[in-house]
Amino acid sequence: MKKLLMVVIAGLLIWNVVLTYQLVRVNNLAKSISGDSLIKQSVTEFDTDITEVVSKTAAKVVGITSRSSYSAINGSGVIYGANSEEVIIVTNNHILSNSGTIYVTFVNDIVLEAELVGKDPVSDLVVLRVKPDFNVEAFVLGDSAVSKTGEWVVMISNPSGEQYAGSYAITILSSKDKVLLKDINNDENADWELLLLQLATQVYSSNSGAAVVNMAGELIGITSSRLTAATFDGFGFAVPINEVKTIVNQILTNGEVNRTTMGVSLKDLSEIPVYLKSYYQIKLDIEGVLITSVFDQQPADLAGLVKGDVITQIDGRKMLSNKDIRNYLVTKIRDDVIEVTYVRNDVIVSVNVTLR
(Lines give C-alpha, C1' and ligand atoms only; values in the text may rest on other atoms or scores of the structure.)
Protein backbone atom coordinates (compact mmCIF):
# COMPACT_ATOMS: atom_id res chain seq x y z
CA MET A 1 0.00 0.00 0.00
CA LYS A 2 2.84 2.29 0.91
CA LYS A 3 4.54 1.59 -2.43
CA LEU A 4 1.30 2.27 -4.30
CA LEU A 5 0.86 5.60 -2.50
CA MET A 6 4.40 6.65 -3.37
CA VAL A 7 3.85 5.74 -7.03
CA VAL A 8 0.66 7.82 -7.10
CA ILE A 9 2.42 10.81 -5.49
CA ALA A 10 5.35 10.51 -7.92
CA GLY A 11 2.92 10.38 -10.82
CA LEU A 12 1.10 13.48 -9.62
CA LEU A 13 4.38 15.35 -9.27
CA ILE A 14 5.42 14.40 -12.79
CA TRP A 15 1.98 15.39 -14.15
CA ASN A 16 2.26 18.73 -12.34
CA VAL A 17 5.63 19.36 -13.99
CA VAL A 18 4.16 18.48 -17.39
CA LEU A 19 1.16 20.78 -16.87
CA THR A 20 3.39 23.62 -15.74
CA TYR A 21 5.60 23.22 -18.82
CA GLN A 22 2.58 23.15 -21.16
CA LEU A 23 1.08 26.24 -19.49
CA VAL A 24 4.32 28.19 -19.92
CA ARG A 25 4.56 27.03 -23.54
CA VAL A 26 0.98 28.05 -24.31
CA ASN A 27 1.50 31.48 -22.71
CA ASN A 28 4.64 32.06 -24.72
CA LEU A 29 2.88 30.95 -27.90
CA ALA A 30 -0.04 33.24 -27.19
CA LYS A 31 2.30 36.19 -26.72
CA SER A 32 4.11 35.46 -29.96
CA ILE A 33 0.82 35.19 -31.87
CA SER A 34 -0.72 38.35 -30.39
CA GLY A 35 2.48 40.27 -31.11
CA ASP A 36 1.35 43.27 -29.09
CA SER A 37 4.62 45.19 -29.42
CA LEU A 38 4.99 44.40 -33.14
CA ILE A 39 1.41 45.31 -34.00
CA LYS A 40 1.57 48.54 -32.00
CA GLN A 41 4.86 49.44 -33.67
CA SER A 42 3.38 48.78 -37.10
CA VAL A 43 0.27 50.86 -36.44
CA THR A 44 2.29 53.68 -34.85
CA GLU A 45 4.72 53.76 -37.76
CA PHE A 46 1.91 53.92 -40.35
CA ASP A 47 0.06 56.59 -38.42
CA THR A 48 3.22 58.63 -38.01
CA ASP A 49 3.96 58.56 -41.74
CA ILE A 50 0.52 59.90 -42.65
CA THR A 51 0.37 62.53 -39.93
CA GLU A 52 3.86 63.70 -40.83
CA VAL A 53 2.84 64.16 -44.47
CA VAL A 54 -0.30 66.04 -43.43
CA SER A 55 1.56 68.27 -40.97
CA LYS A 56 4.15 69.18 -43.63
CA THR A 57 1.66 69.92 -46.40
CA ALA A 58 -1.67 71.03 -44.91
CA ALA A 59 -0.80 74.74 -45.00
CA LYS A 60 0.17 74.46 -48.68
CA VAL A 61 -3.43 73.84 -49.79
CA VAL A 62 -5.79 76.81 -49.96
CA GLY A 63 -9.48 77.40 -50.44
CA ILE A 64 -10.65 79.00 -53.69
CA THR A 65 -13.90 80.94 -54.05
CA SER A 66 -15.16 82.53 -57.25
CA ARG A 67 -17.93 84.91 -56.20
CA SER A 68 -20.20 86.69 -58.66
CA SER A 69 -23.44 88.61 -58.14
CA TYR A 70 -25.48 85.45 -58.67
CA SER A 71 -23.33 82.55 -57.41
CA ALA A 72 -20.29 81.43 -55.45
CA ILE A 73 -18.21 78.41 -56.49
CA ASN A 74 -15.80 76.82 -54.04
CA GLY A 75 -12.85 74.53 -54.56
CA SER A 76 -9.26 73.90 -53.65
CA GLY A 77 -5.91 75.14 -54.86
CA VAL A 78 -2.25 74.40 -54.26
CA ILE A 79 0.56 76.80 -53.44
CA TYR A 80 2.79 76.13 -56.43
CA GLY A 81 5.45 78.77 -55.85
CA ALA A 82 6.24 81.54 -53.39
CA ASN A 83 8.81 84.25 -52.76
CA SER A 84 8.95 87.48 -50.80
CA GLU A 85 6.90 89.35 -53.41
CA GLU A 86 4.20 86.99 -54.68
CA VAL A 87 2.58 83.58 -54.37
CA ILE A 88 1.53 81.43 -57.33
CA ILE A 89 -1.61 79.32 -56.86
CA VAL A 90 -2.78 76.57 -59.24
CA THR A 91 -6.41 75.44 -59.21
CA ASN A 92 -9.11 74.18 -61.61
CA ASN A 93 -10.38 76.31 -64.46
CA HIS A 94 -14.01 75.20 -64.05
CA ILE A 95 -14.11 76.62 -60.51
CA LEU A 96 -13.92 80.08 -62.13
CA SER A 97 -16.75 79.38 -64.60
CA ASN A 98 -19.02 82.09 -63.17
CA SER A 99 -16.44 84.80 -64.04
CA GLY A 100 -16.63 86.12 -60.50
CA THR A 101 -14.08 87.77 -58.26
CA ILE A 102 -11.52 85.20 -57.11
CA TYR A 103 -10.62 84.85 -53.44
CA VAL A 104 -7.94 82.68 -51.83
CA THR A 105 -8.31 81.52 -48.22
CA PHE A 106 -5.07 80.54 -46.49
CA VAL A 107 -4.68 78.19 -43.54
CA ASN A 108 -4.45 81.19 -41.19
CA ASP A 109 -7.99 82.20 -42.32
CA ILE A 110 -6.72 85.29 -44.14
CA VAL A 111 -8.64 85.86 -47.39
CA LEU A 112 -7.02 87.70 -50.31
CA GLU A 113 -8.30 88.64 -53.73
CA ALA A 114 -6.36 86.89 -56.50
CA GLU A 115 -5.21 87.94 -59.95
CA LEU A 116 -5.91 85.60 -62.86
CA VAL A 117 -2.61 85.00 -64.69
CA GLY A 118 -3.86 82.55 -67.30
CA LYS A 119 -5.85 79.38 -67.86
CA ASP A 120 -5.76 76.14 -69.79
CA PRO A 121 -9.22 74.63 -70.43
CA VAL A 122 -7.69 71.48 -71.94
CA SER A 123 -6.15 70.40 -68.62
CA ASP A 124 -8.70 72.31 -66.51
CA LEU A 125 -5.88 74.23 -64.83
CA VAL A 126 -5.62 77.91 -64.03
CA VAL A 127 -2.81 80.00 -62.54
CA LEU A 128 -3.50 82.71 -59.94
CA ARG A 129 -1.27 85.29 -58.28
CA VAL A 130 -1.64 86.81 -54.81
CA LYS A 131 0.60 89.14 -52.81
CA PRO A 132 0.29 88.37 -49.09
CA ASP A 133 2.11 90.29 -46.38
CA PHE A 134 2.87 87.12 -44.40
CA ASN A 135 5.16 84.15 -45.01
CA VAL A 136 3.82 81.42 -47.28
CA GLU A 137 5.52 78.11 -48.02
CA ALA A 138 5.05 76.40 -51.39
CA PHE A 139 4.91 72.70 -52.16
CA VAL A 140 8.04 70.80 -53.04
CA LEU A 141 7.33 69.68 -56.61
CA GLY A 142 7.91 65.98 -57.13
CA ASP A 143 8.50 63.95 -60.29
CA SER A 144 5.40 62.06 -61.40
CA ALA A 145 7.50 60.04 -63.85
CA VAL A 146 9.08 58.11 -60.98
CA SER A 147 5.80 57.53 -59.13
CA LYS A 148 4.81 53.88 -58.96
CA THR A 149 1.46 52.23 -59.52
CA GLY A 150 0.20 50.95 -56.18
CA GLU A 151 1.95 53.52 -53.99
CA TRP A 152 0.05 55.33 -51.25
CA VAL A 153 -0.75 59.00 -51.78
CA VAL A 154 -2.70 61.60 -49.80
CA MET A 155 -5.35 63.81 -51.37
CA ILE A 156 -5.64 67.15 -49.54
CA SER A 157 -8.55 69.46 -50.30
CA ASN A 158 -10.79 72.23 -49.02
CA PRO A 159 -14.30 71.03 -49.97
CA SER A 160 -17.17 73.50 -49.78
CA GLY A 161 -14.95 76.39 -48.83
CA GLU A 162 -13.32 77.30 -45.55
CA GLN A 163 -15.97 75.58 -43.40
CA TYR A 164 -14.48 72.19 -44.31
CA ALA A 165 -10.91 73.31 -44.93
CA GLY A 166 -8.27 70.69 -44.43
CA SER A 167 -9.85 67.44 -45.61
CA TYR A 168 -7.63 64.43 -46.21
CA ALA A 169 -8.08 61.13 -48.00
CA ILE A 170 -5.45 58.43 -48.28
CA THR A 171 -5.68 56.49 -51.51
CA ILE A 172 -3.69 54.42 -53.99
CA LEU A 173 -2.15 55.52 -57.26
CA SER A 174 -3.91 52.94 -59.43
CA SER A 175 -2.34 54.06 -62.71
CA LYS A 176 0.23 56.69 -63.70
CA ASP A 177 -0.20 56.78 -67.47
CA LYS A 178 -3.90 57.07 -68.30
CA VAL A 179 -4.58 59.02 -71.48
CA LEU A 180 -7.49 61.34 -72.26
CA LEU A 181 -7.82 62.18 -75.95
CA LYS A 182 -8.66 65.82 -76.64
CA ASP A 183 -9.58 67.84 -79.72
CA ILE A 184 -7.59 71.05 -79.32
CA ASN A 185 -8.11 72.56 -82.78
CA ASN A 186 -11.90 71.99 -82.86
CA ASP A 187 -11.90 69.88 -86.02
CA GLU A 188 -13.79 67.04 -84.28
CA ASN A 189 -10.71 64.81 -84.43
CA ALA A 190 -8.58 63.80 -81.46
CA ASP A 191 -5.17 65.43 -81.81
CA TRP A 192 -3.81 65.65 -78.26
CA GLU A 193 -3.14 63.21 -75.44
CA LEU A 194 -3.63 64.55 -71.93
CA LEU A 195 -1.71 62.34 -69.52
CA LEU A 196 -3.43 61.60 -66.20
CA LEU A 197 -2.86 59.94 -62.87
CA GLN A 198 -5.66 57.57 -61.89
CA LEU A 199 -6.57 57.40 -58.20
CA ALA A 200 -8.50 54.70 -56.36
CA THR A 201 -10.73 57.41 -54.86
CA GLN A 202 -13.34 59.34 -56.79
CA VAL A 203 -12.85 63.09 -57.24
CA TYR A 204 -16.06 65.04 -56.78
CA SER A 205 -16.71 68.69 -57.52
CA SER A 206 -16.30 69.42 -53.81
CA ASN A 207 -12.66 68.26 -53.72
CA SER A 208 -11.63 69.33 -57.17
CA GLY A 209 -8.33 71.19 -57.33
CA ALA A 210 -6.92 69.11 -54.50
CA ALA A 211 -3.25 68.29 -54.04
CA VAL A 212 -2.07 64.72 -54.62
CA VAL A 213 0.92 64.23 -52.34
CA ASN A 214 3.30 61.27 -52.09
CA MET A 215 4.62 59.86 -48.83
CA ALA A 216 7.64 62.17 -49.05
CA GLY A 217 5.30 65.17 -48.90
CA GLU A 218 5.95 66.12 -52.54
CA LEU A 219 3.23 67.39 -54.87
CA ILE A 220 2.78 64.87 -57.71
CA GLY A 221 -0.60 65.90 -59.11
CA ILE A 222 -3.66 68.19 -59.02
CA THR A 223 -7.14 66.67 -59.14
CA SER A 224 -10.06 67.70 -61.31
CA SER A 225 -13.62 66.40 -61.42
CA ARG A 226 -13.97 67.51 -65.05
CA LEU A 227 -11.22 65.46 -66.69
CA THR A 228 -13.34 62.41 -67.53
CA ALA A 229 -16.95 61.40 -67.97
CA ALA A 230 -19.11 60.69 -64.94
CA THR A 231 -19.24 57.01 -65.93
CA PHE A 232 -15.89 56.44 -64.18
CA ASP A 233 -17.51 55.79 -60.80
CA GLY A 234 -15.08 54.94 -58.03
CA PHE A 235 -12.02 56.46 -59.68
CA GLY A 236 -10.49 59.91 -59.62
CA PHE A 237 -8.05 61.60 -61.96
CA ALA A 238 -5.32 64.19 -61.56
CA VAL A 239 -2.97 66.07 -63.86
CA PRO A 240 0.57 64.76 -63.17
CA ILE A 241 2.95 67.35 -61.77
CA ASN A 242 5.31 66.99 -64.75
CA GLU A 243 2.45 68.10 -67.02
CA VAL A 244 1.51 70.84 -64.54
CA LYS A 245 5.06 72.21 -64.62
CA THR A 246 4.99 72.56 -68.42
CA ILE A 247 1.55 74.16 -68.39
CA VAL A 248 2.29 76.60 -65.56
CA ASN A 249 5.64 77.64 -67.02
CA GLN A 250 3.99 78.48 -70.34
CA ILE A 251 1.20 80.44 -68.65
CA LEU A 252 3.68 82.42 -66.54
CA THR A 253 5.81 83.13 -69.62
CA ASN A 254 3.19 83.62 -72.35
CA GLY A 255 -0.15 83.89 -70.56
CA GLU A 256 -1.41 80.82 -72.40
CA VAL A 257 -0.48 77.25 -73.33
CA ASN A 258 0.94 76.48 -76.74
CA ARG A 259 0.17 72.93 -77.87
CA THR A 260 1.79 71.89 -81.08
CA THR A 261 1.15 68.28 -81.93
CA MET A 262 2.24 65.51 -84.27
CA GLY A 263 -1.03 63.65 -83.77
CA VAL A 264 0.31 60.40 -82.32
CA SER A 265 0.03 58.24 -79.20
CA LEU A 266 3.42 57.41 -77.70
CA LYS A 267 4.91 54.94 -75.25
CA ASP A 268 8.39 54.99 -73.75
CA LEU A 269 10.38 52.12 -75.24
CA SER A 270 11.92 51.51 -71.82
CA GLU A 271 8.45 50.53 -70.56
CA ILE A 272 7.67 48.14 -73.43
CA PRO A 273 7.93 44.44 -72.47
CA VAL A 274 10.23 42.21 -74.48
CA TYR A 275 7.40 40.24 -76.10
CA LEU A 276 5.85 43.45 -77.46
CA LYS A 277 9.20 44.59 -78.82
CA SER A 278 9.41 41.24 -80.56
CA TYR A 279 5.91 41.76 -82.00
CA TYR A 280 6.94 45.13 -83.45
CA GLN A 281 10.32 43.68 -84.53
CA ILE A 282 12.21 46.18 -82.38
CA LYS A 283 15.77 45.34 -81.46
CA LEU A 284 16.46 45.31 -77.73
CA ASP A 285 19.31 47.80 -77.98
CA ILE A 286 17.24 50.53 -79.67
CA GLU A 287 16.42 53.58 -77.53
CA GLY A 288 13.47 55.82 -78.32
CA VAL A 289 9.70 56.23 -78.16
CA LEU A 290 7.20 53.83 -79.73
CA ILE A 291 4.27 55.15 -81.77
CA THR A 292 1.25 53.16 -80.56
CA SER A 293 -1.32 54.92 -82.76
CA VAL A 294 -1.50 57.65 -85.41
CA PHE A 295 -4.48 60.00 -85.69
CA ASP A 296 -6.02 60.32 -89.16
CA GLN A 297 -5.10 63.39 -91.20
CA GLN A 298 -2.80 64.69 -88.49
CA PRO A 299 0.86 65.75 -89.08
CA ALA A 300 2.44 62.34 -88.43
CA ASP A 301 -0.12 60.59 -90.62
CA LEU A 302 0.42 63.07 -93.46
CA ALA A 303 4.20 62.57 -93.14
CA GLY A 304 3.89 58.79 -93.45
CA LEU A 305 4.57 57.71 -89.87
CA VAL A 306 2.70 54.58 -88.77
CA LYS A 307 1.97 52.54 -85.66
CA GLY A 308 5.06 50.60 -84.61
CA ASP A 309 7.63 53.18 -85.72
CA VAL A 310 10.19 54.11 -83.06
CA ILE A 311 11.11 57.81 -82.84
CA THR A 312 14.78 58.14 -81.90
CA GLN A 313 15.52 61.79 -82.71
CA ILE A 314 13.82 65.10 -83.49
CA ASP A 315 15.91 67.78 -85.17
CA GLY A 316 19.02 65.77 -84.29
CA ARG A 317 18.18 65.62 -80.56
CA LYS A 318 17.85 62.22 -78.89
CA MET A 319 14.33 61.37 -77.75
CA LEU A 320 14.38 58.76 -75.01
CA SER A 321 10.89 59.31 -73.59
CA ASN A 322 7.46 60.72 -74.29
CA LYS A 323 8.40 63.50 -71.84
CA ASP A 324 11.40 64.44 -74.03
CA ILE A 325 9.17 64.78 -77.09
CA ARG A 326 6.46 66.77 -75.32
CA ASN A 327 9.02 69.11 -73.75
CA TYR A 328 10.59 69.73 -77.12
CA LEU A 329 7.29 70.32 -78.93
CA VAL A 330 6.21 73.03 -76.48
CA THR A 331 9.12 75.11 -77.78
CA LYS A 332 7.57 75.02 -81.27
CA ILE A 333 4.60 76.81 -82.79
CA ARG A 334 1.97 75.83 -85.33
CA ASP A 335 3.32 75.25 -88.88
CA ASP A 336 6.89 74.72 -87.65
CA VAL A 337 8.62 71.91 -89.54
CA ILE A 338 10.60 69.35 -87.54
CA GLU A 339 12.79 66.51 -88.76
CA VAL A 340 11.73 63.23 -87.17
CA THR A 341 14.15 60.30 -87.25
CA TYR A 342 12.58 56.91 -86.67
CA VAL A 343 13.26 53.19 -87.03
CA ARG A 344 11.01 50.88 -89.04
CA ASN A 345 11.94 47.26 -89.78
CA ASP A 346 15.54 47.91 -88.69
CA VAL A 347 15.82 50.78 -91.19
CA ILE A 348 16.55 54.32 -89.97
CA VAL A 349 14.42 56.93 -91.75
CA SER A 350 14.11 60.71 -91.44
CA VAL A 351 11.07 62.70 -92.51
CA ASN A 352 9.84 66.28 -92.18
CA VAL A 353 6.67 66.81 -90.13
CA THR A 354 4.69 70.06 -90.21
CA LEU A 355 3.22 70.67 -86.77
CA ARG A 356 -0.29 71.79 -85.98
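# Close-up views of a predicted model

**View 1. A nonpolar patch on the surface is formed by Trp152, Ile170 and Met215.** Together these residues have about 260 Å² of accessible area. The model shown here and in every other view is predicted. Trp152 belongs to strand 8, which covers residues 152-157. Is Trp152 buried, exposed or partly exposed? Trp152 is partly exposed, because its relative accessible area is 42%, and partly exposed residues fall between the limits of 20% and 50%.

**View 2. Phe106 and Phe134 form an aromatic pair.** The structure holds 2 aromatic pairs. In the pair of Phe106 and Phe134, the ring centres lie 5.2 Å apart. The two ring planes stand at 85 degrees, so this pair is edge-to-face. Where do the two residues lie? Phe106 is in the loop between strand 4 (101-105) and strand 5 (111-113). Phe134 is in the loop between strand 7 (125-130) and strand 8. The pair therefore ties together parts that are 28 residues apart in sequence. Phe106 has 5% relative accessibility, so it counts as buried.

**View 3. Tyr279 and Tyr280 form an edge-to-face pair.** The centres of their rings are 5.1 Å apart. Their planes stand at 80 degrees, which means the pair is edge-to-face. Which of the words buried and exposed fits Tyr279, and which fits Tyr280? Tyr279 is exposed, because its relative accessible area is 63%. Tyr280 is buried, with a relative accessible area of 18%. The cut-off for buried is under 20%, and for exposed over 50%.

**View 4. An open sheet is built from 7 strands.** The strands are arranged in the order 5-4-1-2-3-7-6. Their pairing is antiparallel. Which strands stand at the edges? Strand 5 and strand 6 (115-120) do, each with a single partner strand. One side of each is therefore left without a neighbour in the sheet. On average, neighbouring strands of this sheet are turned by 30 degrees against each other, direction ignored. As background, strands of a sheet pair through backbone hydrogen bonds.

**View 5. Strand 4 pairs with strand 5 in the antiparallel sense.** How many bridges does this pairing have? The two strands pair over 3 bridges. Look for Tyr103, which stands opposite Glu113 in strand 5.

**View 6. Leu252 and Val127 meet across a span of sequence.** Leu252 sits in helix 3, residues 241-254. Along the sequence, Leu252 and Val127 are 125 residues apart. In space they are 8.0 Å apart, C-alpha to C-alpha. Leu252 has a relative accessible area of 37%, so it is partly exposed.

**View 7. A closed barrel is made of 6 strands.** Going round, the strands run 8-9-10-13-12-11. The pairing is antiparallel. From one strand to the next, the twist averages 45 degrees. Strand 10 (residues 192-199) and strand 13 (residues 236-240) run antiparallel and are joined by 3 bridges. Which residue stands opposite Gln198 in strand 13? That residue is Phe237.

**View 8. Asp268 in strand 14 is paired here with Ser321 as a distance example.** Strand 14 covers residues 264-268. Asp268 and Ser321 are 53 residues apart along the chain. Their C-alpha atoms are separated by 5.0 Å. Asp268 counts as buried, because its relative accessibility is 15%.

**View 9. Strand 16 is largely enclosed by the rest of the structure.** Why is this said of strand 16 (residues 310-314)? The reason is that 4 of its 5 residues are buried. Strand 15 (residues 289-294) pairs with strand 16 in the antiparallel sense over 2 bridges. Here Leu290 has Val310 in strand 16 as its bridge partner. Strand 18 (residues 337-344) is joined to strand 16 by 4 bridges, and the two run antiparallel. Ile311 has Tyr342 in strand 18 as its bridge partner.

**View 10. Strand 16 and strand 17 form a hairpin.** Strand 17 (residues 317-318) runs antiparallel to strand 16, and 2 bridges join them. Gln313 stands opposite Lys318 in strand 17. How many residues lie between the two strands? There are 2 residues between them. Asp315 in the turn has a positive phi of about 55 degrees.

Notes:
Residues numbered from 1 in each chain as written. Predicted model: local features only at pLDDT ≥ 70, side-chain atom pairs only at ≥ 80, totals over all residues. Heavy atoms only, no water. Patch = residues over 30% accessible without salt bridge, like charges linked within 9 Å, V, L, I, M, F, W, Y side chains within 5 Å. Areas by Shrake-Rupley, 256 points an atom, 1.4 Å probe, with all protein chains shown as cover. Salt bridge = Lys/Arg side-chain N within 4 Å of Asp/Glu carboxyl O. Buried < 20%, exposed > 50% of the residue type's maximum accessible area, 1.4 Å probe, protein only. Phe/Tyr/Trp six-rings, centres within 6.5 Å; stacked < 30°, edge-to-face > 60°. Pairing = 2+ DSSP bridges. Axes fitted to C-alpha atoms, helices over the stretch in contact; angles between N-to-C directions.
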